[in-house]
Structure formats: C-alpha cells, structure tokens
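Biologist: I should like to go through this model with you, one feature at a time. Please reason briefly before you name each result.

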Amino acid sequence: MNAISTPAVTSIDIGICTFRRPELRETLISLFALTVPSGTTIRLLVADNDGQPSAKLLVDELRKLSPHPITYVHCPRSNISIARNACLAESTGDFLAFIDDDEVASPSWLSELYRKICETGADAVLGPVRAVYGDDCAQWLRRGDFHSTRPVWVGGFIRTGYTCNVILDMRSPHIAGRRFDLALGQSGGEDTAFFSAMTDAGGRIAFAPEAILEEPVPANRASFGWLVKRRFRSGQTHGRILAGRHQGTARFLQAALASAKLGYCCAASLATAFSPVDRNRFALRAALHAGAVSGLLGVREIRQYGMVEA
C-alpha cells in the first residue's frame, strides 16, 4: 500500500522584544486576533530584556487566552540586540516576524507580510507602521506625520530595514546565522546595521503596503527634541556604516558630502521658517546629516535603550 503524504505545514514565529512596557498586553491581544495564513502555524516569542523577568506574569496570564503557543525568554542585559538575537536563536520557524511591544497589529498584518514574501521570494519584507497621535499633539507633528515608519528606496531598491514591522525567511542563506550587533544594543541602529549587511551580501528586501501596524505616540515622544535625538542617532548609525565601507580619503569625502547636506538643510530650514512642517522637516534632516558626520568621525553613538524614558 502506498503511503498517503500530508501537505507540509509552514511555521511562522512572531518575536516581541519587551522592556517594562505595559502596552505589551495590547500588542499580544492584537496578535490573538490575527488571520492565520492558510497552511501555516503561528508561535509567539516574547523576549524580556529587563533585569528582572517583569513581563513573565503578564505572559503567563495571557497564555491561557492565546490561540497560539507562547514561548517566554528572559534576556536580562538591557541590550535590545540581545533580545533580538534571542528571538533569532529561539525561532524554529520557516519565517520569523518582528513587532514592537507598543504596536497593535491589524488582523491581516501577518497574512500580508507572508503573502508578499511568498510572491517575491525576498529574504525580508517590511510593512508600514502608522503613528496614532493623541489629541494634544502639536498640529505640525500631526500634519507632518513624523513618527510613522516606512522603508526608504535608493535607486529603486530598499537597502536597509527595521524590526518594528518585518518578516524574515529563516531558510535564506542571507539570514541564517546573521545576528544583531551587540555594540549597538543600547544606542539603537542595530536593525539598520543588520539589514544593510544583509543587502550588501546580496539579500533582497520587499515591501507589503497593506501589512499595517499602528503605534500610539506617547507624550514623551511627541516633541521636536525627541525627534532630533532620534534622527541624530539614525544618522550616527548611517555614518558608522559608511565609515566601514570607506577608508582614508574616501571617508573624508563622505564626511564632506554629509556636511554639505547638513548646511543645505539648515539653510532650507531657515528659508521655510514660517511653515512649521517644512521648517521642522528640514531641521530633522539636518540632525540626520549631523549624526552621519559624527558617525563618520567615529563619535560613539548616544544611548537610547536600557533606560526608562523620561
């Protein structure tokens, strides 16, 4: 008698790195309502980056309500790269998606990411993160939508990515064995470095515009000062990557180019002084280029993680 073969089931893990965030509850509950792609199974991985296992009680409580298995991993070093690497190491799935612990998934989020990565054969697929602004947010902030996250195309390609909304093909040779840089685990930019290295090695990134996550903007982030710090740090990471690709005179030329862009953006910010959205957009671009100059010159990145934000 011939054996009857059963269709292979594709496994998808979802990694959630957390550090003292009560919003984790809403994130997990939104994942319970996901539409599961046909022929797949889902498992949730919660990587707790606090010194104490502060998220464990919540995970244990919600495990009883979850339609998916939940694995809890304690990574007590207050270094986001350690938590991200724990998800990579713990994952046994064909695919691994990441969502931040203050985001809420739409029911179709995972299905859209999975559909796009199957269609394109890309090594990674990004989705958009839509910022949700409170009623007390400044109008320029709301109109300019400075907190939403989308990929950047350079020459028709996405050269780098982010971990707040992504799915990885764990079977890809461009993903297998790759890890997040521990040296960037408290400054941030570890995701930029990870994906830049992946595409430099020949990996491809695609975009799923309907794979939407929402992220409320808390009051302590709804300010120009917070955005400046964020853009400056992003620029530092970009500068550090450029410094690794260029040596000697070539690095000096890169620093000169970033300085010229900094000067242009400062002038443009002054020229649009009476238009808050344009003025601040140029000012934030100036902070990005200032950070790039800093990174090219080897200045150490500012610390963002491992601390409770004031």
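Biologist: In which loop is His-147 found?
Modeller: This is a predicted model, and the placement refers to it. Two elements bound the loop in question: α5, covering 139-144, and β8, covering 153-154. His-147 is found in the loop between α5 and β8.

Biologist: Is His-147 buried or exposed?
Modeller: Residues under 20% relative accessible area count as buried. His-147 has a relative accessibility of 12%, and therefore it counts as buried.

Biologist: Which residues does His-147 touch, not counting residues up to four places away in sequence?
Modeller: A second, separate nonpolar core of 11 residues includes Trp-140, Leu-141, Val-217 and Leu-227. Leu-141, Val-217 and Leu-227 are also among the residues that His-147 touches. The full list for His-147 is Ala-131, Tyr-133, Leu-141, Val-217, Arg-221, Ala-222, Trp-226 and Leu-227.

Biologist: Which residues have the most contacts inside the largest nonpolar core?
Modeller: The largest nonpolar core has 62 residues. Its largest share, six residues, comes from helix α3, residues 80-90. Ile-14 touches Leu-31 and Trp-109, among others. The residues with the most contacts inside this core are Ile-14, Leu-31 and Trp-109.

Biologist: What is the strand order of the open sheet of seven strands?
Modeller: The pairing in this sheet is mixed. Its edge strands, each pairing on one side only, are β3 (70-74) and β11 (205-207). The twist from one strand to the next averages 20°. The order is β3-β2-β1-β4-β10-β6-β11.

Biologist: Which residue of β11 stands opposite Val-125?
Modeller: Strand β6, residues 124-126, runs parallel to β11, and three bridges join them. Opposite Val-125 stands Ala-206.

Biologist: What angle does the direction of helix α4 make with that of β10?
Modeller: Helix α4, residues 109-120, packs on the sheet and touches β1, β2, β4, β6, β10 and β11. Helix α2, residues 56-63, also packs on the sheet, touching β2 and β3, and its direction makes about 170° with that of β3. For α4 and β10, the angle is about 45°.

Biologist: Which residue is the bridge partner of Val-104 in β12?
Modeller: Three strands form an open sheet in the order β5-β12-β7, with mixed pairing. Within it, β5 and β12 (residues 213-216) pair in the antiparallel sense over two bridges. The partner of Val-104 is Glu-214.

Biologist: At what angle do helix α6 and helix α7 pack?
Modeller: In this pair, Thr-192, Ala-193, Ser-196 and Asp-200 of α6 meet Thr-237, Ile-241 and Arg-245 of α7. By class, the contact has two nonpolar, three polar and two charged residues. The crossing is right-handed. The axes of α6 and α7 are 10 Å apart, and the packing angle is about 35°.

Biologist: What is the phi of Ser-78?
Modeller: Ser-78 lies in the loop between β3 and α3. Its relative accessible area is 17%, so Ser-78 is buried. Although Ser-78 is a residue other than glycine, its phi is positive, near 50°.

Biologist: What is the phi of Arg-20?
Modeller: Arg-20 has its place in the loop between β1 and α1. Arg-20 is not a glycine, yet its phi is positive, at about 55°.

Conventions. Residues numbered from 1 in each chain as written. Predicted model: local features only at pLDDT ≥ 70, side-chain atom pairs only at ≥ 80, totals over all residues. Heavy atoms only, no water. Pairing = 2+ DSSP bridges. Helix = DSSP H or I, 4+ residues; strand = E, 2+ residues; numbered from the N terminus. Axes fitted to C-alpha atoms, helices over the stretch in contact; angles between N-to-C directions. Contact = heavy atoms within 4.5 Å. Left-handed = near helix turned anticlockwise from the far one by under 90°. Nonpolar A, V, L, I, M, F, W, Y, C, P; charged D, E, K, R; others polar. Core = buried A, V, L, I, M, F, W, Y, C linked by side-chain atoms within 4.5 Å. Buried < 20%, exposed > 50% of the residue type's maximum accessible area, 1.4 Å probe, protein only.
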